[in-house]
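Biologist: Got a minute to walk me through this one? I'd like to know what stands behind each label you use.

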Amino acid sequence: MNSMNAALVHSFTDDLVVEELPIPAPGPFEALVKVQFSGVCHTDLHAAHGDWPVKPTLPFVPGHEGVGTVVAIGDQVTRLAVGDTVGNAWLWSACGECEYCQTGWETLCPDQVNGGYSVNGSFGTHMLVDSRYAPIIPENV
């Protein structure tokens, strides 16, 4: 299986459309996750409607409250393994090198990447996560 279904935003004025997309391959620090559940945050609605001055690039897959199972990892991933349960988050990744990242304020990083906004999110059967930022969900949760 080389394709997945995902809900895409093609226009800030139209409804999301479920389409078939290629399953993305994980990059060096990324993990491919088979999504089991996804919440809908009000931020997703703002993203889909283009409510903020910095708008997402169309088309995109919203969602930053997803949970699923890691099914593949990139060649630099050390923190996650196939079979782990992980989530995606609004702070999908950050540069790790600016003054904000170096002092624990990654949420202020000017080069941060946001899940379901500047990178495709959890409104699909699969999603990518940055292994360095993905929350690991403990067993039995």
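Modeller: Sure. Let's begin at Gly50, which sits just after helix 1 and takes a positive phi of about 65 degrees. Keep in mind that this is a predicted model.

Biologist: Fine. Which residues of helix 1 are buried?

Modeller: Helix 1 covers residues 42-49, and its buried residues are Thr43, Asp44, Ala47 and Ala48.

Biologist: What makes you say that they line one face of the helix?

Modeller: Look down the axis of helix 1: the buried residues fall within an arc of 140 degrees, so they line one face. The background is simple enough: an α-helix has 3.6 residues a turn, so residues three or four places apart point the same way.

Biologist: Now the salt bridge. How many does the structure hold, and what makes the contact between Arg132 and Asp130 count as one?

Modeller: The structure holds one. The side chains of Arg132 and Asp130 meet at 2.8 Å, N to O. The cut-off is within 4 Å, from a side-chain nitrogen of Lys or Arg to a carboxyl oxygen of Asp or Glu, so the Arg132 and Asp130 pair qualifies.

Biologist: Why is Asp130 called buried, and why is Arg132 called partly exposed?

Modeller: Buried means under 20% relative accessible area, and Asp130 has 4% relative accessibility, so Asp130 counts as buried. Arg132 has a relative accessible area of 46%; partly exposed lies between the 20% and 50% limits, so that is the label Arg132 gets.

Biologist: On to the strands. How do you know that strand 3 and strand 4 pair?

Modeller: Pairing needs at least two bridges. Strand 3 (residues 30-38) and strand 4 (residues 66-73) have seven, in the antiparallel sense, so they pair. One of the matches puts Leu32 with Ala72 in strand 4.

Biologist: And what makes strand 4 and strand 5 a pair?

Modeller: Three bridges, again antiparallel, join strand 4 to strand 5 (residues 85-87), so the two-bridge minimum is met. There, Val67 stands opposite Gly87 in strand 5.

Biologist: What about the chain as a whole: in what order do its elements run?

Modeller: There are two helices and eight strands, and from the N terminus on they run β-β-β-α-β-β-β-α-β-β.

Biologist: Why is the chain called as compact as a globular protein of its length?

Modeller: Its radius of gyration is 15 Å, and the globule rule gives 14 Å for 141 residues; the two values are close, so the label holds. Along its principal axes, the C-alpha trace spans about 40 × 40 × 30 Å, and buried residues make up 40% of the 141 residues.

Terms used
Residues numbered from 1 in each chain as written. Predicted model: local features only at pLDDT ≥ 70, side-chain atom pairs only at ≥ 80, totals over all residues. Heavy atoms only, no water. Buried < 20%, exposed > 50% of the residue type's maximum accessible area, 1.4 Å probe, protein only. Helix = DSSP H or I, 4+ residues; strand = E, 2+ residues; numbered from the N terminus. Arc of directions from axis to C-beta. Rg over C-alpha atoms; globule rule 2.2 N^0.38 Å.
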